[in-house]
Amino acid sequence: MEKTIYTIIVHSENIAGLLNQVTAVFTRRQINIESLNVSASSIKGVHKYTITAWTDEETVKTLVKQIEKKIDVIQAHYFTEEEIYFHEIALYKVSTPEFQENTEASKVIRRYNARIVEVNPVFSIVEKNGVSEDITSLYEDLKKLNCVLQFVRSGRVAITTSCFERVNEFLGNREARYSQIENNNHE
Amino acid sequence: MSKDLITGAEALMRSLEHQGVKTLFGYPGGSIMPVFDALFDHRNTLNHVLVRHEQGAVHAAQGFARVSGEVGVCLVTSGPGATNTVTGIADAMIDSTPIVVIAGQVSTSFLGTDAFQEVDLVGITQPITKWSYQIRRPEDVAWAVARAFYIAGSGRPGPVVLDFAKNAQIEKTQYKPTKLDFIRSYVPIPDMNKGAIQTAADLINAAERPLLLVGQGVELGNAQSELRSLIEKADIPAGCTLLGLSALPTDHPLNKGMLGMHGNLGPNINTNKCDVLIAVGMRFDDRVTGNLATYAKQAKVIHFDIDPVEINKNVKVDVSVLGDCKQTLAAVSELLKVNRHTEWIETFKDYEEVELEKVIRPELHPSTDSLTMGEVVRAVSEAGENKAVLVTDVGQNQMIAARYFKFTQQRSMVTSGGLGTMGFSLPAAIGAAFGAPERTVCAFMGDGGIQMCIQELGTIMEQRVPVKIIVLNNNFLGNVRQWQAMFFNGRYSFTPMLNPDYMKIASAYDIPSKKVFTREELSLAIDEMLKTDGPYLLEACVVEQGNVLPMTPPGGSVNQMLLEC
């Protein structure tokens, strides 16, 4: 089966040690995680993981089910790039003297729609938001100018473009089920 | 909530009692001493069985759970005590056995400092448990125990680890009895889908050559009678997985035998001839399917399971029926028409005759003087009117016992299927005896397996556990030897075994025993064994280079079984 990049979005309870359990599902099948981002979600007490990995659809289907099976994972879903809006951020530390000497440098920054967020006599920091390809290609261009001291990029953050909020709906259903159990217990 | 303050250890005792625990298997040590101290005051309600090694405790808890359907409990100390349970935890995970392992842990102030007998148990056991949790405060005990028992026993069962820090055992808390039957992120039983029920029923109604595969899920879901009604109504022949063997009586006319590598010819070959394959509570393990590329390609596949992960994991299915099989089987059954598949069922007879001729008769009625493993198993089974609980070890003894032991009662098969843990049988049999005290427990093991947990003879001695131990001694690690003969040019690399005198060992443990070589001796010894009140060890000296047949060679197709080697 053909491999493509999938974005796996996981919602879980905010419990220590869960990240380990989620990543273990990938390592067990020797699937490399390309990027990983963990943050609070819009739901109180719920954490959101955004994971990207190259794999095929059959495998990713089993992967998300195996992740979802973890007791404290609320839901896990996979998406192709068409089904999400996604972004990454990158920071580039460049040497200020070299950067200023080279007239090409500021052109490159403008061409990529990046911005300079810090300048001092020793180094400057460039920030770039966007998709992986642009971030990499800006890095390559700056490297050609011989001024990059450090480079770091974030994992992908992604938001689904569907009109349907599956996690909210799931939690709503679960709460309804819980009140039902509670009522039965009191009867 | 009671205003009185009690220790975390005492809270654990009350929580276990609140969960209905009556038996636990364990071994004390430094980091669990406060719990054992509290246990001393509860020893009349919580029957603690002192094992001789923590691996014994966890296998005993498994055996207990498998026959009783309750959650097995095991109590050990930190560090080596905890790591000694790891094999059993992994075993329980892969075989869906509900157990709760409570291990001591160093005090929270020492965590991460490589303190004496500190080990990251939660880290080690996360991949092999349903849930693994560290209790760091006494006020969390009641909640954690309630959650542990709920998770272990609900849905697809499995092991749970509670890593109990010593300070939380000693510190005081108020205690409120807690039960838990809801976790919002955990859906133990997926909702039944009416559409899937209908589609499955339509497929089965239209089938001309249906075959049903019975897995352990049927036992775990207490759906034995629902399964029977379904196959009887629609007249569907069935094959059982190793762990599903006792879900359907061996002599039921629709039970066509065991599936898999050393299963029966009929259900294996007909897997590749049926038009609708109905899998219930089984996971298409590679020992069942053989080569997946050629497995049941001609058939429409219906998969009943409680665990969505199992659907399409190994075998692509046409219809998945998620839910509790007690309900889903009944729901599908209701939509089935009464049917007859006489011609199709007749086709099993040809395979049965071939297998009888080539394999079964030579095994059960050998022309040689030496005993075969098969005749020993069958003789024990019949002497107990096929009512006993079978516990097996791993290897030839396991496959032969599974093939020739007969079952008339449910929850009678205790074996290490997925993990294949040698040494499992002796401690698991102890657990089974406690879990089903009214039943006879027969544990078959090889001369290899008995020595892997032989220390549990001490537990048997102390508790007078009425386990019937049958050692099938061929002076070889037989299964590996068979493979060496078949696939490694007969180079018997480290499979011959020099054995100790098992009767002397039994006698040292005050366990009556007999060593037999002939059929006459065997028959007398079995009588004596079953008449003996309490444990008994029967050593049957069997043919040294016996083989388990038929066999699907590794990677081979399910319809290409070897009848000889």
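**Why is it called that? Chains A and B under questioning**

Trainee: Why is Asn475(B) called partly exposed?

Mentor: Asn475(B) has 18 other C-beta atoms within 10 Å. Buried takes 20 or more and exposed takes 12 or fewer, so a count of 18 falls in between and the residue is partly exposed. Keep in mind that this is a predicted model.

Trainee: What makes the backbone of Asn475(B) worth a look?

Mentor: Asn475(B) isn't a glycine, yet its phi is positive, at about 55°. You'll find Asn475(B) in the loop between strand S18 (467-473) and helix H20 (478-487) of chain B.

Trainee: And Asn113(A), why does that one count as exposed?

Mentor: Asn113(A) has 11 C-beta neighbours inside 10 Å, and the cut-off for exposed is 12 or fewer, so Asn113(A) counts as exposed. Its phi is positive too, near 60°, again in a residue other than glycine. Asn113(A) belongs to the loop between helix H4 (103-111) and strand S6 (115-119) of chain A.

Trainee: How do you know that the peptide bond between Leu549(B) and Pro550(B) is cis?

Mentor: Check omega: for the bond joining Leu549(B) and Pro550(B) the angle is about -5°. Pro550(B) is in the segment after strand S20 (536-541) of chain B.

Trainee: What makes S17(B) and S18(B) a pair?

Mentor: A pair needs at least two bridges, and strand S17 (residues 441-446) and S18(B) have six, so they qualify, in the parallel sense. One bridge puts Phe444(B) opposite Ile470(B) in S18(B).

Trainee: Which strands sit in the sheet with them, and why are S16(B) and S19(B) called edge strands?

Mentor: The sheet is open and has six strands of chain B, ordered S16-S15-S17-S18-S20-S19, with parallel pairing. Strand S16 (413-414) and strand S19 (513-516) are the edges: each pairs on one side only.

Trainee: How do you know that strand S13 (residues 300-305) of chain B pairs with S14(B)?

Mentor: Four bridges join S13(B) to S14(B), and a pair needs at least two, so the two strands pair; they run parallel. Phe304(B) stands opposite Val321(B) in S14(B). Val319(B) and Val321(B) point one way from S14(B), Ser320(B) and Leu322(B) point the other way, and all are buried.

Trainee: Where does Ile470(B) fit in the largest nonpolar core?

Mentor: That core has 184 residues, and Ile470(B) is among those with the most contacts inside it, along with Cys74(B), Val100(B), Val280(B), Val376(B), Ala432(B) and Ala443(B). Helix H7 (residues 141-153) of chain B gives the core the most, nine residues.

Trainee: Which residues does Ile470(B) touch, beyond its neighbours within four places in sequence?

Mentor: Val376(B), Val380(B), Cys442(B), Ala443(B), Phe444(B), Leu538(B) and Ala540(B). There's also a second, separate core of 19 residues, including Tyr6(A) and Val22(A).

Trainee: How many residues does each chain put into the contact?

Mentor: Chain A gives 18 residues and chain B gives 15. On the side of chain A, helix H6 (166-186) is one of the elements supplying at least two residues, and H6(A) gives the most, with four. By class, that side has seven nonpolar, six polar and five charged residues.

Trainee: What does the domain assignment give for chain A?

Mentor: Domain 1 (4-84) and domain 2 (87-153). Their C-alpha centres lie 31 Å apart.

Methods:
Residues are numbered from 1 along each chain as its sequence is written. Chains are lettered from A and ligands numbered from 1 in the order in which they are written. This is a predicted model: local features need pLDDT of at least 70, side-chain atom pairs count only at pLDDT 80 or more; totals for chains, interfaces and linings use all residues. A nonpolar core is a set of buried Ala, Val, Leu, Ile, Met, Phe, Trp, Tyr and Cys residues joined through C-beta atoms within 7 Å. Two residues are in contact if their C-beta atoms, placed from the backbone, lie within 7 Å. Ala, Val, Leu, Ile, Met, Phe, Trp, Tyr, Cys and Pro count as nonpolar, Asp, Glu, Lys and Arg as charged, and the others, Gly among them, as polar. Domain bounds come from an automatic or database domain assignment.
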